[in-house]
Amino acid sequence: MSADLSHAQHTKVLAATFRGLPEHRCGQNCIYSLADGAWAAFIVFFNQARCFLERRRDASRPHGRANAAGLFGAHKTPSDPQIRNLREPLAPEHWYAPFHTILQRLKVGGYLQPYQAFANNLLVSLDGVHYFASTAMHCAQCNVTLRDDQTYYSHAALLPVLVAPDNPQVISLEPEFITPQDGATKQDGEQNAIKRWLARNAARFQPFQVTILADDWHSKQPLCALLRDLHLNFIMTCKPDSPPTLYEEVALLEKLGAVAHRTLRHWNGRFYECWQCRYVNQVPLRTGAAALAINFCEVTLTHAATHERLYHTGFGTNHLLTPDTVKPIIQAGRARWKTQNENHNTLKNHGYHLAHNYGHGHQHLATVLIVLNVLAFLLHTVMDLTSEKYRQLRQELGARMTFFDDIRTLMRYLPFASWENLLDFMLMGLGLSPG
Ligand SMILES: [Zn+2]
């Protein structure tokens with residue numbers, strides 16, 4: 001596997017997947033290929049266009065056509081309804097291969113090393129997000145709930161990411177969608193989606209040591225036992241009510257003097273925090289002889305100067321807690337918040353418009369659009385990790401929106417032979433030398 005992570009190589013990886021999409025049309029006038037439809041949708045997300053119509057207009061102009069070919073190898077741009085019809089019957093699984101290829105290339109290129117946090121483990125955060133809700137529009141994949149005689153349709157997905165305590169970027173992994181069969185509650189839906197994601201991906205992560213991060217809903221015996229059986233480590237948020245047996249046992253052990261305490265100082269870049277930690281190993285997760293024993297730690301953070309209480313939480317883990325490991329394990333557990341801040345927030349509120357309705361369809365359209373959107377986010381993250389030119393531009397232009405506005409405008413008015421050519425032009429225009 002090559003470590004080439006250039007835009008040109010990404011284009012080849014995506015092109016191979018788009019060319020391999022199974023043809024579902026028969027006897028129709030197939031002016032456009034499935035790959036044409038895939039590229040047309042992907043470029044909308046890659047360029048953070050506001051709608052398919054804006055992209056269609058750009059693609060119909062001479063420089064728009066030339067840039068679609070030069071930068072993406074795309075040749076024809078179907079209309080908005082045609083794009084939707086081309087993708088509608090194709091389940092999300094058909095679009096996952098680029099996530100795997102890019103992860104392998106990141107590994108070969110050494111870019112995953114900064115993500116190998118505590119005990120050389122990759123931290124995989126598994127968190128769900130709701131991205132669609134309606135009382136009218138719906139499809140076969142919608143989750144349906146009834147409240148006050150009103151039917152609500154919604155979509156949610158598990159968007160797994162690699163996180164690291166000291167790394168602002170999160171690396172998107174293949175998503176898993178929460179289906180109507182996964183149960184009525186958010187908790188059941190996420191747990192079943194996690195099980196499916198693990199069934200598909202656990203073997204893929206075998207060459208690595210992996211720690212799964214998840215919230216307190218999942219700090220229960222069935223998932224912890226499944227992770228143990230799959231040789232995956234875990235750090236789960238634990239709140240007093242989930243699971244209560246764990247906290248009751250810790251309270252008992254505390255009375256017996258079996259719980260260790262440790263106070264640490266931590267510089268967060270702005271001020272010193274005081275970390276008051278307590279921890280104990282081998283606590284049963286539930287009652288009964290078959291209970292799985294896990295290790296538990298709890299931390300209270302205060303401002304070292306003002307003594308203001310900043311944060312309090314507990315974690316359950318299979319990693320052994322010692323005076324040396326308790327801090328890095330807490331740091332790894334806290335890295336899960338990056339899923340909300342760096343992943344969900346960016347996807348929803350900073351250009352990728354995750355919750356925007358680009359089209360719903362009747363079968364898989366709504367889910368496939370999310371896969372392409374997350375894939376576009378991944379490719380930009382990879383460029384941020386691997387391209388000095390990309391980092392220079394993003395830093396110089398400040399807001400993410402400015403960067404993408406400029407890209408779309410330039411592609412509208414000027415032809416570029418390649419993505420590198422476009423980045424060089426932007427750097428030169430800003431008086432910066434290519435890195
Ligand atoms: Zn739906």
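**Notes on the predicted model: sheet, α9 and α12**

1. Let's start in the sheet: V299 sits opposite T313 in β13. Strands β12 and β13 run antiparallel to each other and share 8 bridges. Keep in mind throughout that this is a predicted model.

2. Zooming out, that pair belongs to an open sheet of 9 strands, ordered β6-β5-β1-β8-β9-β13-β12-β11-β10, with mixed pairing. The edges are β6 (167-172) and β10 (260-267); each has a single partner strand, so one side of each has no neighbour in the sheet. On average, neighbouring strands are turned by 30° against each other, ignoring direction.

3. The β10 edge deserves a look of its own. Of the 8 residues of β10, the number buried is 0, so this strand lies largely in the open. Its pairing with β11 is antiparallel, over 8 bridges, and W267 faces Y272 of β11 across that pairing. The two strands make a hairpin with 4 residues between them, and G269 in the turn has a positive phi of about 100°.

4. Now for β5, next to β6 in the strand order. L162 is in this strand, which covers residues 161-164. Is L162 buried or exposed? It counts as buried, because it has 25 C-beta neighbours inside 10 Å, and the cut-off for that label is 20 or more. Leaving out residues up to four places away in sequence, L162 touches Y115, L122, L123, V124, V170, I171 and L173. Two of those names, V170 and I171, fall within the range of β6 (167-172).

5. Helix α9 (residues 244-255) is next. Its 12 residues reach 17 Å from first C-alpha to last, close to the 16 Å expected at 1.5 Å a residue. Which residues of α9 are buried? They are L246, E249 and V250. These cover an arc of only 100° around the axis, which puts them on the same side of α9. As background, an α-helix has 3.6 residues a turn, so residues three or four places apart point the same way.

6. What covers that buried side? The cover over the buried residues of α9 includes β9 (233-238), β11 (272-284), β12 (293-303) and β13 (309-317), and these four strands are listed in the open sheet of point 2. The face of α9 turned away from its buried side carries the exposed residues P244, A251, L252 and K255. Just after the helix, G257 takes a positive phi of about 75°. For a sense of distance, the C-alpha atoms of E249 and L162 are separated by 32 Å, with their positions 87 residues apart along the chain.

7. Helix α12 (residues 365-386) is mostly covered, with 19 of its 22 residues buried. From its first C-alpha to its last, α12 reaches 32 Å, close to the 32 Å expected at 1.5 Å a residue.

8. Finally, the whole chain. It has 15 helices and 13 strands, and 40% of its 435 residues count as buried. The radius of gyration is 24 Å, which agrees with the value near 22 Å that a compact globule of 435 residues would have. Along the principal axes, the C-alpha atoms fill a box of roughly 75 × 55 × 45 Å. Among contacts between residues at least 6 apart in sequence, 66% join residues at least 24 apart.

Note on methods. Residues are numbered from 1 along each chain as its sequence is written. This is a predicted model: local features need pLDDT of at least 70, side-chain atom pairs count only at pLDDT 80 or more; totals for chains, interfaces and linings use all residues. The expected span of a helix is 1.5 Å times one less than its number of residues. A residue is buried if 20 or more other C-beta atoms lie within 10 Å of its own, exposed if 12 or fewer, and partly exposed in between; C-beta atoms are placed from the backbone. The arc is that of the directions from the helix axis to the C-beta atoms. Two residues are in contact if their C-beta atoms, placed from the backbone, lie within 7 Å. The radius of gyration is taken over C-alpha atoms; the globule rule is 2.2 Å times the number of residues to the power 0.38. Two strands pair if DSSP finds at least two bridges between them. Axes are lines fitted to C-alpha atoms, for helices over the stretch in contact, and angles run from 0 to 180 degrees between N-to-C directions.
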